Amino acid sequence: MPSQRGSERRRQRGVLLAGVAVLLLALVLAAVLASALTRGKEEARPEPLRWQGRGTTRNLREIVLGRCYGYLAERRAELGDKDCLKIWESLKDAFIHKNPCSATTEDYRPLMELASHPISCNKSLFWSKTNDLVHLYTKSSHRFLTLEDTFLGYMLNGISWCGDPSAPGINYESCPKWSECESNPGSVFWKMASKMFAEAACGVVQVMLNGSIETGAFRSSSIFGSIEILNLNPDKVSEIHIWVMHNIGGPQSESCSGYSIKKLKNILEERNFKITCEDNYRPVQLLQCVHNPDHPDCSLCTNSTEAP
Ligand code: APR
């Protein structure tokens with residue numbers, strides 16, 4: 001009897017060991033299969049196209065929605081009803097899954113229509129090479145409005161975005177620079193927005209140029225020179241005031257009598273606009289003086305008003 005019980009126990013132990021071995025083998029096989037499948041997937045996902053510019057800004061959706069709701073919270077009275085979710089969807093549809101060198105104005109038309117709003121006469125302020133100063137001024141005075149202060153410009157200012165033919169359809173690693181291809185999403189969007197901003201201008205308009213850059217305050221290849229001045233409507237715009245600003249302490253590379261400003265005046269006069277030009281428009285110069293209070297240009301008494 002004892003030998004019968006012993007062989008029974010050996011049989012049970014054998015079955016148990018075989019079971020454990022089968023289970024282990026199954027586990028190993030499952031792990032090998034899972035790793036092969038994941039590797040297969042990684043290999044199958046193609047790399048996004050590579051460009052020289054910075055990639056799509058991370059959290060683009062949240063940033064655009066946040067700016068949209070933020071702007072509306074402050075100015076809904078002027079803008080009327082705007083649907084931020086629709087605006088985001090129309091921006092996304094304009095570029096997602098597309099080759100970023102094939103952007104078209106048609107891609108951005110729905111977005112422009114959803115976000116456009118009227119701009120009061122005498123408010124439009126154009127600029128070239130004075131990005132920081134002009135926006136320091138519009139933020140502090142609210143007298144004028146640049147494209148970047150409009151609803152559309154505000155939502156996308158300083159942001160980069162582009163699509164990619166492969167999943168997930170947005171390239172977060174790189175986007176084409178303006179020099180890599182002309183029809184990239186940023187360039188198509190900003191040129192179109194600039195054109196609309198210029199077409200909408202009426203009454204007296206202003207432009208702030210930089211008289212401290214060596215290449216000249218006015219460049220006909222800039223967005224201002226190649227798009228905005230050509231789309232101002234002489235039937236709606238009565239006067240154009242040019243402000244040539246110099247850095248406090250110089251250099252004073254060009255003033256209102258300079259070569260490129262003369263060229264700008266000629267272009268505008270040929271289109272029947274009335275022009276004035278002022279060097280260092282004082283309200284803006286006073287803002288520059290916040291950082292240079294002791295400089296002679298910032299003295300509150302100029303030579304002519306000083307007591308003898
Ligand atoms: N590459 C990259 N960015 C560019 C380029 C370019 N070649 N050209 C213009 N930009 C973008 C940049 O974001 C830059 O800060 O336009 C901005 C302004 O460029 P500037 O050379 O300083 O000026 P300009 O080309 O005349 O554009 C300014 O366009 O933004 C509108 O209404 C606004 O009047 C303003 C004008």
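1. Where in the chain does Pro165 lie, and between which two elements? In this predicted model, Pro165 belongs to the loop that runs between α6 (151-156) and β3 (174-175). Once its neighbours within four places in sequence are left aside, Pro165 is in contact with Leu49, His97 and Lys98, and its C-alpha atom is separated by 8.8 Å from that of Pro100, although the two prolines are 65 residues apart along the chain.

2. The largest nonpolar core has 56 residues, and those that touch the most other members are Tyr108, Leu156, Trp161, Phe189 and Ile240. This core lies between domain 1 (48-118 + 147-200) and domain 2 (201-308), because both of them give residues to it. Another core, made up of eleven residues and including Val134, Met245, Val284 and Leu287, lies apart from the largest one.

3. Leu156 deserves a separate look: with neighbours within four places in sequence left aside, Leu156 is in contact with Val64, Arg67, Leu91, Leu111, Trp161, Phe189 and Trp190. Trp161 and Phe189 are also listed with Leu156 among the residues that touch the most other members of the largest nonpolar core.

4. Around the ligand there are 14 residues, of which Ser128, Lys129, Glu148, Ile223 and Glu228 come nearest. Polar side-chain atoms lie 2.7 Å from a ligand oxygen atom in the case of Ser128, 2.8 Å from a ligand oxygen atom in the case of Glu148, and 2.5 Å from a ligand oxygen atom in the case of Glu228. On its own the ligand has 670 Å² of accessible area, and the protein covers 69% of that area.

Definitions and conventions: Residues numbered from 1 in each chain as written. Predicted model: local features only at pLDDT ≥ 70, side-chain atom pairs only at ≥ 80, totals over all residues. Heavy atoms only, no water. Helix = DSSP H or I, 4+ residues; strand = E, 2+ residues; numbered from the N terminus. Contact = heavy atoms within 4.5 Å. Core = buried A, V, L, I, M, F, W, Y, C linked by side-chain atoms within 4.5 Å. Buried < 20%, exposed > 50% of the residue type's maximum accessible area, 1.4 Å probe, protein only. Domains from an automatic or database assignment. Near = heavy atom within 4 Å. Polar contact = N/O pair within 3.5 Å; in protein donor to acceptor, adjacent residues only side chain to side chain. Areas by Shrake-Rupley, 256 points an atom, 1.4 Å probe, with all protein chains shown as cover.
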